[in-house]
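Here's a walk through one model, written for someone who'd rather look at side chains than read a summary. Keep the viewer open as you go.

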Amino acid sequence: MTYQFEPIAVIRSPYREKFAVPRQANLVKAAQGELHLLAPYNDPLSVKGLEQFSHLWLLFHFHHIDPSKKRLTVRPPRLGGNKSLGVFATRSPFRPNNIGLSVVELLDIVIKKNQVILTVSGLDLVDGTPIIDIKPYLPYCDSLPDAKAGYAQMTPEQKLKVSFSTQASLFLQSQQQDYPQLTELIEQVISQDPRPAYKQKNSYEQTYAISLYDFNIKWKVTGCLASIEEIQIVSR
């Protein structure tokens, strides 16, 4: 028995690649984006009453994951990438059906001609991610403070202290009007240390690059310090 789902919306996000995406939603509060509803759901009737809710559940497809890489066990980053667990005991994107689930904050509902756009924050989705369904978040049943979460009970601590070079700071100032949250976004993303677990163990100096919006950000890691060296505009 098989089922086929058609996307009802698509995400426009600052994350242009998997490397920069935080490992869970709401770890990077400055990550804002837009959810564009697709026909026939790009109609104001489909979101009537949604303004009453502060947060949404998004069901989505991990469209950047190779479907041939389905696994029975994975190595969660929260365990340092050293311990294998069953895929259903993790939030890994390498799942039987590559379906994800995230909670985001609903900031605004924009109705334009032939378009319905939801502005959201706390995203952990790559730009262009297909959305399968949208559901309102209900605190009385969706928030369970006494629930146990095994190896991921607490919010992960920030792993890297982030600083900006003079060149990077000047560039960010020049982009302040169009991207007022860019500095905060870069700092929050890199402080979570998006590197694979095995690379986080290296103590020697390394240089990396990530893409956020239309910017390429080069950063250098020395121990627990991350320095933003250079930011450049890249064409899409």
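What follows covers a salt-bridge network, a covered helix, some aromatic rings, a pocket and a few backbone oddities.

First, the ground rules. This is a predicted model, in which local features need pLDDT of at least 70 and side-chain atom pairs count only at pLDDT 80 or more, while totals for chains, interfaces and linings use all residues. Residues are numbered from 1 along each chain as its sequence is written, and side-chain values use heavy atoms, with hydrogens and water left out.

**Salt bridges**

Searching the whole structure turns up 5 salt bridges, each being a side-chain nitrogen of Lys or Arg within 4 Å of a carboxyl oxygen of Asp or Glu. A network of these bridges links R12, R16, D127 and D214. Three pairs from it are set out here:

| Pair | Closest N to O | Separation in sequence |
|---|---|---|
| R12 and D127 | 3.7 Å | 115 residues |
| R16 and D127 | 3.4 Å | 111 residues |
| R16 and D214 | 3.5 Å | 198 residues |

To place these on the fold, note that helices (H or I, at least four residues) and strands (E, at least two) are DSSP runs, numbered from the N terminus. R12 sits in strand β1 (residues 9–12), and D127 is in the loop between β7 (115–121) and β8 (130–136). R16 belongs to the loop between β1 and β2 (32–37), so its bridge to D127 ties together distant stretches of sequence, 111 residues apart. D214, for its part, is in the loop between β10 (206–212) and β11 (215–222).

Which of these residues are buried, and which are partly exposed? Buried means under 20% relative accessible area, exposed over 50%, and partly exposed in between (1.4 Å probe, protein chains only). D127 is buried because its relative accessibility is 11%. R12 counts as partly exposed at 40%, as do R16 at 24% and D214 at 23%.

**Helix α3 and what it packs on**

Helix α3 (residues 182–191) is mostly covered, with 7 of its 10 residues buried. Those are L182, L185, I186, Q188, V189, I190 and S191. They pack against β9 (161–164), α2 (166–174), β10, β11 and β12 (225–233), with contact meaning heavy atoms within 4.5 Å.

V189 also turns up on the contact list of A20, a residue in the loop between β1 and β2. Leaving aside neighbours within four places in sequence, A20 touches Y15, V189, I210, S211 and L212. A20 and L212 are 192 residues apart in sequence, yet their C-alpha atoms are 7.5 Å apart in space. A20 is buried, at a relative accessible area of 1%.

**Aromatic rings**

There are 8 aromatic pairs in the structure. Rings of Phe, Tyr and Trp (its six-membered ring) pair if their centres lie within 6.5 Å; planes under 30 degrees apart count as stacked, over 60 as edge-to-face and the rest as tilted. Y179 and Y213 make a tilted pair, 5.1 Å centre to centre with 55° between the planes. Y179 is in the loop between α2 and α3 and Y213 in the loop between β10 and β11, so the pair ties together parts 34 residues apart in sequence. Y179 is partly exposed, with a relative accessible area of 24%. One aromatic cluster takes in F171, Y179, Y213 and F215.

**The second largest pocket**

How much space lies in the second largest pocket? About 270 Å³. A pocket here is an open set of points on a 1 Å grid over the protein atoms alone, where a 1.4 Å probe fits, with protein on both sides within 12 Å along at least five of seven lines; lining residues have an atom within 4 Å of a point. Grid points are joined across faces, edges and corners, and the volume is the space filled by probe spheres set on the points.

The lining has 13 residues, and F5, H61, N97, I99 and I132 are the closest to the pocket's centre. By class, the lining holds 8 nonpolar, 3 polar and 2 charged residues. Ala, Val, Leu, Ile, Met, Phe, Trp, Tyr, Cys and Pro count as nonpolar, Asp, Glu, Lys and Arg as charged, and the others, Gly among them, as polar.

**Backbone oddities**

Most residues other than glycine have a negative phi, and most peptide bonds are trans. N98 has a positive phi near 50°; N98 is in the loop between β5 (85–86) and β6 (99–112) and is buried at 5%. Just after α3, D193 has a positive phi of about 60°. D193 is in the loop between α3 and α4 (197–200) and is buried, at 2%. Finally, A39 and P40 are joined by a cis peptide bond, with omega about 5°, and P40 lies in the loop between β2 and β3 (55–61).
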